[in-house]
Amino acid sequence: MIRFRNVIKVYGTQRALDCVNLHIKVGEFVFLTGTSGAGKSTIMRLTYREEKPTRGQVVIGGVDVAKLPHNKVPYLRRRMGIVFQDFKLLSKQNVFDNVAFVIRALGMSDREINRRVSGALKVVRLYDRLDAFPSQLSGGEQQRVGIARAIVNGPPLLIADEPTGNLDPQTSMEIMEILEQINNRGTTVLLATHDKEMVNHFKKRVITVEDGKVIRDIYEGTYE
Amino acid sequence: MVHIDADIRIISRIISETVKGIKRTQWMNLVIITTMAAILSIFGCLFRTSLVISSFIEHLGDSMEVSVYLKSGYNAEKAKLEILKTGDVNEIKIIHKEKAWSELKQEMNVPDIKNPLPDTLRLKIKEQKKIESVIHMVKNMKSVENIQYAKDIVEKIIKVGNVTNVATVIVLLILGGLTLSIINNTIHLVIQSRSEEIEIMRMMGIGNWYIRAPYILQGAFYGFCGSLLAIVPLRILESYLFSMTEFFNMGETPNYLNLVITSLMLMGVIVGSLGSYISVRKYLRI
């Protein structure tokens with residue numbers, strides 16, 4: 001699903017990634033850990049083609065993203081769901097519209113939109129808050145809307161960049177359970193975090209980056 | 001069929017996004033549309049006036065005659081055919097010297113001498129711009145003795161016509177640039193105020209044109225509404241121009257108002273969408 005081959009990323013004179021090699025298979029759940037500035041976010045940004053590698057190859061679902069023409073990037077992103085630390089919801093739109101606007105832009109019929117949005121909101125257990133606005137929701141609920149939006153188009157890959165970074169431990173666990181449930185249905189999940197307790201609790205594959213290098217890659221691993 | 005349905009839905013959703021965007025711009029809409037209307041009405045009134053001046057000049061040109069005096073011994077019919085070949089002359093009237101002499105004798109008490117008058121051709125030129133070239137050609141004909149026409153008036157008419165055309169083009173360029181810049185800045189502000197939303201759409205893989213099109217349509221909407229408002233001062237000007245053309249007895253004037261209104265609307269919509277397109281290209285990072 002995701003393959004990094006000798007990836008180097010340089011910003012100015014700063015080497016953010018230094019010869020990174022990764023292979024994440026279909027259906028895996030992977031924690032990407034490391035301290036701030038270690039290179040986690042750079043790996044994420046390269047995965048959803050917000051950046052191009054300075055050298056090396058990033059292949060997502062068989063597509064070399066560096067060679068992908070600019071106008072084809074949206075097609076790549078439609079095959080993945082992205083969850084952000086700060087939720088990134090549209091404050092003036094209710095829960096339904098926040099989830100629906102992605103598939104609306106794809107030209108789906110209203111009936112199909114209703115079906116998919118309802119399905120996604122049931123997965124995140126928010127079906128009863130369809131009409132609420134982000135300001136009326138708790139942090140955990142807002143993140144659940146973010147997850148529903150990410151999975152509404154049924155992407156084979158879900159990328160979550162510190163999805164529990166702004167949440168308390170109990171809510172973080174709830175979010176993690178939802179993400180695990182999504183993974184159990186066959187979606188590959190790549191989750192960047194530095195939440196030690198969560199990583200230790202779920203015992204998934206853990207890839208640790210430090211100073212732009214992969215220093216550890218363990219199945220059923222813990223934070224350290 | 002499924003694709004066509006999806007495309008139609010996408011178009012209708014883009015339009016609905018445009019409407020939402022316009023609603024969100026609130027009172028700013030009014031400021032932009034009235035500014036656009038003011039600029040477009042200046043352009044419309046100038047354009048309309050320049051059309052009247054051109055029509056007036058054409059009218060003067062039409063009524064202007066060139067008299068061509070032939071050398072004796074040359075056939076007037078042959079000379080007429082030769083001049084007609086240029087294609088720039090509407091009508092040639094031959095005044096034979098015998099007829100002219102007898103008319104002159106009737107009108108004035110002239111002594112009984114040999115007819116001194118030459119055969120004369122009276123030319124009506126198709127366009128006043130062509131007068132100079134026709135005269136140059138006719139002057140070089142073997143059969144032509146002399147030519148008479150109101151040279152000063154012709155030159156002035158051509159000058160006024162040229163100045164009007166150049167002024168209209170300059171005004172068009174200046175106002176076009178001004179309109180472009182207003183729309184460009186407005187859409188820039190709209191894009192800035194919705195930057196977070198655009199960022200989310202981008203990350204979610206929403207197509208570039210789905211994101212961009214509502215802003216371009218919003219610009220076109222401002223241009224269209226501005227041009228509709230600009231019709232009001234144009235209609236007032238029209239009534240003044242009508243009384244002027246009647247005063248100068250210019251006869252039936254062509255229906256220029258429709259032409260000006262169509263040009264205004266086209267200019268409004270094209271410049272409006274172009275201004276927002278430039279802004280979208282510059283400020284909307286996808």
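## Reading two interfaces

Visitor: Let's start with a single contact: with which residue does B:Arg202 form a salt bridge?

Guide: Its partner is A:Glu50, and the closest N and O atoms of the pair are 2.5 Å apart. One caution before we go on: this is a predicted model.

Visitor: How many salt bridges are counted between chain A and chain B?

Guide: The count is two. Any Lys or Arg side-chain nitrogen within 4 Å of an Asp or Glu carboxyl oxygen qualifies, so the B:Arg202–A:Glu50 pair, at 2.5 Å, falls inside the cut-off.

Visitor: And how many residue pairs are in polar contact across the interface of chain A and chain B?

Guide: Eight, with both residues of a pair at pLDDT 80 or more.

Visitor: Which helices of chain A each supply at least two residues of the side that touches chain B?

Guide: Look at α2 (73–78), α3 (95–104) and α4 (110–123). By class, that side of chain A is made up of twelve nonpolar, seven charged and five polar residues.

Visitor: How should I read the size of an interface like this?

Guide: People often quote the accessible area that is lost when the parts come together. Here, chain A and chain B bury about 2000 Å² between them, and carbon and sulfur atoms give 58% of that. In residue terms, 24 from chain A are in contact with 19 from chain B.

Visitor: Now inside one chain. Which domains does the domain assignment give for chain A?

Guide: Domain 1 comes in two segments, 1–79 and 155–224, while domain 2 covers 90–154. Their C-alpha centres lie 24 Å apart.

Visitor: What area is buried between domain 1 and domain 2 of chain A?

Guide: About 1200 Å², with carbon and sulfur atoms giving 69%. On the domain 1 side, A:Arg78, A:Pro155 and A:Ile178 supply 40% of the area buried against domain 2, more than any other three residues. The contact involves 13 residues of domain 1 and 13 of domain 2.

Visitor: How many salt bridges does the rule find across that domain interface?

Guide: Zero between domain 1 and domain 2 of chain A. Three residue pairs are in polar contact there, both residues at pLDDT 80 or more.

Visitor: Which helix gives the most to the side of domain 1 that touches domain 2 in chain A?

Guide: Helix α6 (residues 169–184) of chain A, with six residues. Sorted by class, that side of domain 1 has nine nonpolar, two polar and two charged residues.

Conventions:
Residues are numbered from 1 along each chain as its sequence is written. Chains are lettered from A and ligands numbered from 1 in the order in which they are written. This is a predicted model: local features need pLDDT of at least 70, side-chain atom pairs count only at pLDDT 80 or more; totals for chains, interfaces and linings use all residues. Side-chain values use heavy atoms; hydrogens and water are left out. Contact means heavy atoms within 4.5 Å. Buried area is the accessible area (1.4 Å probe) that two parts lose on being put together, summed over both. A polar contact is a pair of N or O atoms within 3.5 Å; within protein, one must be able to donate a hydrogen and the other to accept it, and residues adjacent in sequence count only if both atoms are side-chain atoms. Helices (H or I, at least four residues) and strands (E, at least two) are DSSP runs, numbered from the N terminus. Ala, Val, Leu, Ile, Met, Phe, Trp, Tyr, Cys and Pro count as nonpolar, Asp, Glu, Lys and Arg as charged, and the others, Gly among them, as polar. Domain bounds come from an automatic or database domain assignment.
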